[in-house]
Amino acid sequence: MERRRRPSRHTLALLDALTQRPRAWHYGYDLSRLTELKSGTLYPILMRLCERGVLESKWQPAAQEGRPPRHMYRLTATGVVFARDSLAAQPAGRRIGSAGEYA
Amino acid sequence: MNPRTDLESRIARALTAHAVRVAEPDHAEWIKAMVREQEHLPPDASALSWALGCVFVSYRGRFRALTRLPNLLRWVALLLRSVPLLMVFLLCLGPACWNFIHIGESTLQGYPLFPGARALPYTTMQAGLIFGSATLIGPIGLAAALWTLSSPTHRPGTMFMIVLWALTGWAIYMLRLPAQYPLLTHAAPGTEIFTILLNFVLLPAGGVTLLQMLDARRRRLAD
């Protein structure tokens, strides 16, 4: 049976940022800025959530000529439910405010 | 762009290139995503910090792949299988390696390399360079052997074998230089000359021959 751990505060910060606009696609840097997570912390979480089917990803051609395409992420339908459940299950005292403000 | 920013972006590019190189195949797509995202960072964002994240994620993936149980078992099995070969390589190339360290240390401290070295027409530094280079076969050969043994598919390659044989030839040539060591004519077993010949030339040549055989076998398997 797969072991389901409680999401870490970094994961919760990311889920919180993503649920602000649940069906919108987000760039890695935007998520890093919103959650205040460094790239080395953010991407392992993105990888894990994609593997679990919480997130989906796609390559988006760059808007500007000569720039490389970018990877984008958004919550899947099950991911939206998972994110809301995980955020709701948080003790009231832990959640301070917007994304990145988890104690 | 000021010099500091330029330097920072060059370091960041070097770091991301390194991250791409060390990425595990499973992680390659993600590292590519991180590297490409770096190209889109606004000017006020730190490319260096982002690049360090790339390197961290790359090594994290590599470490995890390495410590997965099947991989660990493979490494243990490989090590056990390689122990006899490892011992032979240590026996062949270890003395030259030790001599390399000893000569380096003596040269740096200004001690004579061996009795009679003062009679040679060289300064301590010149003698150190001459005899030190004759023992280079030790560390280089041993590193090649360890690298080859670390995987069932790694092989030194033709160019590298040419370099190793050239170093062996260099050792023979260098040891002919001191006139009081007529190596190839007076090296009877049990003499000091024979010991030097054994440690500097014969054993390393044996190690290189073994490496050559491994190289040829793996090349045949690859074909």
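In this predicted model, strand 2 of chain A runs antiparallel to strand 3 (residues 70–75) of chain A, and six bridges hold the pair together on paper. Within that pairing, L55(A) sits opposite L75(A) of strand 3. The two strands belong to an open sheet of three strands in chain A, laid out in the order 1-3-2 with antiparallel pairing. Strand 1 (26–27) and strand 2 (55–60) of chain A take the edges with a single partner strand each, so one side of each has no neighbour in the sheet.

Elsewhere in chain A, two residues are worth a look. V81(A) falls in helix 4 (residues 77–88) of chain A. V81(A) counts as exposed because just 12 other C-beta atoms lie within 10 Å, and the cut-off for that class is 12 or fewer. The C-alpha atom of V81(A) is 9.0 Å from that of V54(A), although their positions lie 27 residues apart along the chain, counted as a separation.

E36(A) is the other one. E36(A) belongs to the loop that links helix 2 (28–35) and helix 3 (39–51) of chain A. Its backbone has a positive phi of about 60 degrees, even though E36(A) is not a glycine. Most residues other than glycine have a negative phi. With 14 other C-beta atoms within 10 Å, E36(A) comes out as partly exposed.

Turning to chain B, helix 5 (residues 124–134) packs against helix 7 (residues 158–175) of chain B at an angle of about 140 degrees, and the axes are 8 Å apart. That angle makes helix 5 of chain B oblique to helix 7 of chain B, since roughly antiparallel would call for an angle over 145 degrees. On the helix 5 side, the contact is made by I130(B), F131(B), S133(B) and A134(B), while helix 7 of chain B brings in W170(B), A171(B), M174(B) and L175(B). Sorted by class, this contact has seven nonpolar residues, one polar residue and no charged ones.

The two chains also meet each other. Here 17 residues of chain B are in contact with 14 residues of chain A. On the chain B side, the elements that give two or more residues are helix 2 (28–38) and helix 3 (47–66) of chain B. Helix 3 of chain B supplies the largest share, with eight residues. By class, the chain B side that touches chain A splits into 10 nonpolar, three polar and four charged residues.

Terms used: Residues numbered from 1 in each chain as written. Chains lettered and ligands numbered in written order. Predicted model: local features only at pLDDT ≥ 70, side-chain atom pairs only at ≥ 80, totals over all residues. Pairing = 2+ DSSP bridges. Helix = DSSP H or I, 4+ residues; strand = E, 2+ residues; numbered from the N terminus. Axes fitted to C-alpha atoms, helices over the stretch in contact; angles between N-to-C directions. Parallel < 35°, antiparallel > 145°, perpendicular 65-115°, else oblique. Contact = placed C-beta atoms within 7 Å. Nonpolar A, V, L, I, M, F, W, Y, C, P; charged D, E, K, R; others polar. Buried ≥ 20, exposed ≤ 12 C-beta atoms within 10 Å, placed from the backbone.
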